[in-house]
Amino acid sequence: MGFTVAELLRTENLAKMKLLCGKKGIQKEIKGVTIIEAPDIVKFINGGELLLTGLYAFKYCSTAEFAEYIEEIQKKQISGLIIKRGRKVEEAEKKIGLLQEFADRYDIPLVEVPFEISFQKIMCFVMENIFNEEVTKLKYFKTTHDNFTALSLSQGHKKNPVGDILDMLNKLIRNPVALYNQNMTCYAAANDQIIDFQLSEDAKEYDPGTITNYRYMRQEGENVQYIVQIRLNVGVQMYLVITERDSIFNMMDCIAVENAIVAFQYEFSRKFAVSELEKKYQNDILNNLLNGKVTSSGELKKSTALLGMDPDGFYRVIVFGVANEGRKQKNINEKLYHLNYLEEAVKQHMTGAKIHRDMEKLVVIMTADPDQAQVECRKELKEIRNLIQDAVTRQNKKLKVKAGVGKMVEGIIHLQESYKEADDAFSFIDIAGDISEEGTSYLMMFSDLGIFKLLCQLNDPALLLEYVPESLQKLYNYKKPQQEDLVATLKTYLNYNQNLSKTAQDLYVHYKTAAYRIEKIAKITGMDFNNANEMLAVRIGLVVYKMIEDYNKK
């Protein structure tokens, strides 16, 4: 006869095991060993297995449901049951009582082990006694695969599927495990136990000793950490981090890790599919609200309920965009990829805000405080924009985040007004960023646009041209090679309050060259640089010309 439950009970290195009942069945041969981490594992049992459980898979089921499950197990003719207490499980003692009745009725050994003895240790010991080394690896692979598969298939009833996968992996490898996203932010950790982690430049490649499709790394620190770089099949990169704190990380642990990653792939694919469906539905609702397409109070009430928003609350709309200052972005896929960076950063730093993707922009609806002063609001939004910029910079140093801010509105029905202002302010960042208090800015509030708020209402270049002084029109109509240099010189000259020295320094030209260009401009246009009113009109005209160029591009 092969390895039996009786021999297991006599094992010295698994001391403190206690036989609760089912003594008549201790001579049953153990043909395999499996952890019950999900009720569905019964589908993967072949017969003769020793089952290990902490009852955590049954923490929410009733005693009646548990009794039905036990009867299903009996059909597989298992060799024994090992339990340990310690996890919070509803009616745990009643369920253990049912197990004892079951064990006595069918002569199945029911063994209790202390909480500190890991199931993985028991599994390895049993396998070593019933299989040779290579078969042990294959069997352990199948066992862990079956457990993670059963866990994945039962995730429809779980509140934290990723956390449950990490918890199970933690039990198998006896070390803290956590999942980090591409920004090195902790996504989830086993038992919510977050360990400090930062990927070191000194991290070295690590050979897991088994066939793998993933990159393993090892780095020294207070504790040795093993990092598995995972590119999930939904286009997301994650890092599985194992901190070698309680046990030496070995090849058998790598086998468990490989199967855990498969479970992660399944779970993230499921979440991605659900998320995309929800996002599409939410995007349609937000699009209707922002563009004033909600035509009835009933539709408005239904939309706000689905979004979890207060129909009478105070809101403000912000339009975000990202530009690559390193080079012109012509590839639409590249732009959308960069927008993904931006969206992730916005979600991280604007928790609770509603996000609507509009082509190459993000439209964000945030709750607003009606008692907050404008200066405080501006300061808060600039800090948020800077945090988002920092997060995006970690992905690409050349990306710059831009934001246009609309007014605060009371009631979701008025979101359209705030959105129009935010979109105009966003468009104005590249056109007239120099009219803000601090010079060129990457955040523009519509309320800061002054007279240009009126010009934003016009979308006809011919009407806008009426706001350009005739003298400035002559300069733009000057069809000679020097025209661009003359326009640039005029802008710089006015920005420096008609200081020729600073103008020459800024343009990297000789003082006499700057003076010559100004004289040339005066001759072509007839501008009177001593007339303050005319210079104000020219300043406005320069901005209007930018608006016209922008409209023509669109």
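Helix packing and a cavity, by question

User: Which residues bring helices H9 and H10 together in this model?

Analyst: In this predicted model, Tyr 341, Leu 342, Ala 345, Val 346, Gln 348 and His 349 of H9 meet Ile 384, Leu 387, Ile 388, Ala 391 and Val 392 of H10. By class, the residues of this contact are nine nonpolar and two polar, with no charged residue.

User: Why is H9 called oblique to H10?

Analyst: Helix H9 (residues 332-349) and helix H10 (residues 374-393) pack at an angle of about 135°, and their axes lie 9 Å apart. Roughly perpendicular covers 65 to 115 degrees and roughly antiparallel begins over 145, with the rest counted as oblique; the angle of about 135° therefore makes H9 oblique to H10. As for its hand, the crossing of H9 and H10 is right-handed.

User: What makes H16 and H17 roughly perpendicular to each other?

Analyst: The axes of helix H16 (residues 500-507) and helix H17 (residues 511-525) cross at roughly 110° and come within 8 Å. Because angles of 65 to 115 degrees count as roughly perpendicular, that term applies to H16 and H17. On the H16 side the contact is made by Leu 500, Ser 501, Ala 504 and Leu 507, and on the H17 side by Tyr 511, Ala 514, Ala 515, Arg 517 and Ile 518. These residues divide into seven nonpolar, one polar and one charged.

User: How do you know which term fits H15 and H17?

Analyst: Helix H15 (residues 483-495) and H17 have axes that cross at roughly 105° and come within 10 Å. The range for roughly perpendicular is 65 to 115 degrees, and H15 and H17 are therefore described by that term. From H15, the contact takes in Asp 485, Leu 486, Thr 489, Leu 490 and Tyr 493, while H17 supplies Ala 514, Arg 517, Ile 518, Lys 520, Ile 521 and Ile 524. This contact of H15 with H17 has seven nonpolar, one polar and three charged residues.

User: What lines the second largest cavity, and which element gives the most to that lining?

Analyst: There are five cavities of 30 Å³ or more, and the second largest holds about 70 Å³ of space. Its lining consists of Val 33, Thr 34, Ile 41, Phe 44, Ile 45, Asn 46, Glu 49, Lys 139, Lys 142, Thr 143 and Asp 146. Strand S2 (32-35) and helix H5 (133-153) are the elements that give two or more residues to this lining, and H5 gives the most, with four residues.

User: How many residues of each class are in that lining?

Analyst: The lining of the second largest cavity has four nonpolar, three polar and four charged residues.

Definitions and conventions
Residues numbered from 1 in each chain as written. Predicted model: local features only at pLDDT ≥ 70, side-chain atom pairs only at ≥ 80, totals over all residues. Heavy atoms only, no water. 1 Å grid on protein atoms, 1.4 Å probe; cavity = no way out; pocket = protein on both sides within 12 Å on 5 of 7 lines; lining within 4 Å. Points joined across faces, edges and corners; volume = space filled by probe spheres on them. Nonpolar A, V, L, I, M, F, W, Y, C, P; charged D, E, K, R; others polar. Axes fitted to C-alpha atoms, helices over the stretch in contact; angles between N-to-C directions. Parallel < 35°, antiparallel > 145°, perpendicular 65-115°, else oblique. Left-handed = near helix turned anticlockwise from the far one by under 90°. Contact = heavy atoms within 4.5 Å.
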